[in-house]
Each structure stands twice: as structure tokens, then as C-alpha cells.
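Welcome! Please open your viewer and get ready to select a few residues at a time, as this tour goes from one stop to the next.

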Amino acid sequence: SSTANIEFVVARQEKLRITHLRNYPNPFSGRTSFSFEHNQPEAAFSVEIGIYTVGGQLVKRLQSVVQSAGSRNSQLSWDGTDERGRKLEKGIYIYRVIIALGRERWEEAGQMILL
């Protein structure tokens, strides 16, 4: 016969924290991908990205549920088209990202250049 001990630590859930939001490549001409790092491994995030002109007009909205396998996500991409599928003009665009996990929500904006 034998005995064994098992020890485990129950970690408390940290508040959602997002870092290193970026789109790559930037500037871009064909396609760009959005990525971010977070502190909630193995989580399913609701992600919404709004693409705006510098004048504030919404030209494209991307929505997805992203399943995280670790602490980095880079699964959302955009082809530079508007809601009707038309290629946008060259210029500077603003993106606003909203990431939600349960009741927690995180929001940040950035800019990108379409060539």
C-alpha cells in the first residue's frame, strides 16, 4: 500500500486586462490583422472593432467571439473594405476595439494607414 498527497492552489480571478493592442502591418495595403495580449488564458472573448474615418464616420464593423489558447490573440483581420465590400480610399483610419468577457469590458482606440 502507499499514500499520496495532492496539493493545489485556488487562484482568484483577476480583472480583465488587455495590453499591446495593435494592427499589423501598419501601414497596409491589402489586409491587416488585429492582435492583443490579455491576462485571461483559455477564455472566450467577445470582440468588436469599429473602423472610422478621421471625421468620425463608421465605415466598417467587425464582430467575433475569439477563443483564447494562451495570453495572445491575433485572429481578427480586415481587408480594407467598407460595409458594402467596396475598397476604402487611401488614408488614415481610426479603429476602436471593445473586448468583453462576462460582465467585464475593455476599450481602446488606435490609428492605421491604408495605402
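On this tour, two residues are in contact when they have heavy atoms within 4.5 Å of each other. Keep in mind as you look around that the model is predicted.

**Stop 1: a strand residue and its contacts**

Begin by selecting Glu107, which you will find in strand β7. Setting aside residues within four places in sequence, Glu107 is in contact with Arg96, Val97 and Ile98. Now add Glu48 to the selection: Glu48 and Glu107 are 59 residues apart along the chain, and their C-alpha atoms are separated by 9.6 Å. Is Glu107 buried or partly exposed? Its relative accessibility is 42%, so Glu107 counts as partly exposed.

**Stop 2: the nonpolar core**

Next, head for the inside. In soluble globular proteins, nonpolar side chains tend to be buried together. Here the largest nonpolar core has 25 residues. Select Val47, Ile49 and Ile51, the residues with the most contacts inside this core. To see which parts of the chain take part, colour the strands β1 (18-24), β2 (32-38), β3 (44-53), β4 (58-67), β5 (72-78), β6 (91-101) and β7 (104-114); these are the elements that give two or more residues to the core. Which of them gives the most? That is β6, with five residues.

Stay with Ile49 for a moment and show what surrounds it. Not counting residues up to four places away in sequence, Ile49 touches Phe34, Lys60, Arg61, Leu62, Leu76, Tyr95, Arg96 and Val97. Two of these residues, Phe34 and Tyr95, lead to the next stop.

**Stop 3: a pair of rings**

A search of the whole structure finds three aromatic pairs. Select Phe34 and Tyr95 to see one of them, an edge-to-face pair. The ring centres are 5.1 Å apart, and there are 70 degrees between the planes. Phe34 belongs to strand β2 and Tyr95 to strand β6, so the pair ties together parts that are 61 residues apart in sequence. Are these two residues buried or exposed? Phe34 has a relative accessibility of 3% and therefore counts as buried. Tyr95, with a relative accessible area of 5%, is buried as well.

**Stop 4: an empty space**

Keep Phe34 selected and look for a gap. Rolling a probe the size of a water molecule over the atoms shows where empty space is left. Over the whole structure, a search finds one cavity of 30 Å³ or more. About how much space lies in the largest cavity? The figure is about 50 Å³.

Eleven residues line this cavity; to find its centre, select Phe34, Phe36, Val47, Ile49 and Leu76, which lie nearest to it. Strands β2, β3 and β5 each supply at least two residues of the lining, and β5 gives the most, with four residues. Sorted by character, the lining has seven nonpolar residues, four polar ones and no charged ones.

**Stop 5: two cis peptide bonds**

Move on to the loop between β1 and β2, where Pro25 is found. Zoom in on the peptide bond that joins Tyr24 and Pro25: this bond is cis, with omega about -5 degrees. Then step along to Pro27, which also has its place in the loop between β1 and β2. The peptide bond from Asn26 to Pro27 is cis too, with omega near 5 degrees.

**Stop 6: two residues with positive phi**

Select His20, which sits in strand β1. Phi of His20 is near 55 degrees, a positive value in a residue other than glycine. With 44% relative accessibility, His20 counts as partly exposed.

For the last selection, go to Glu42 in the loop between β2 and β3. Glu42 is not a glycine, yet it has a positive phi of about 65 degrees. Its relative accessible area is 56%, so Glu42 is exposed. Which residues is Glu42 in contact with, leaving aside its neighbours within four places in sequence? They are Gln67, Ser68, Ala69 and Gly70. To finish, draw a distance line from Glu42 to Gln67: these residues are 25 apart in sequence and 7.0 Å apart in space, C-alpha to C-alpha.

Technical notes: Residues numbered from 1 in each chain as written. Predicted model: local features only at pLDDT ≥ 70, side-chain atom pairs only at ≥ 80, totals over all residues. Heavy atoms only, no water. Core = buried A, V, L, I, M, F, W, Y, C linked by side-chain atoms within 4.5 Å. Buried < 20%, exposed > 50% of the residue type's maximum accessible area, 1.4 Å probe, protein only. Phe/Tyr/Trp six-rings, centres within 6.5 Å; stacked < 30°, edge-to-face > 60°. 1 Å grid on protein atoms, 1.4 Å probe; cavity = no way out; pocket = protein on both sides within 12 Å on 5 of 7 lines; lining within 4 Å. Points joined across faces, edges and corners; volume = space filled by probe spheres on them. Nonpolar A, V, L, I, M, F, W, Y, C, P; charged D, E, K, R; others polar.
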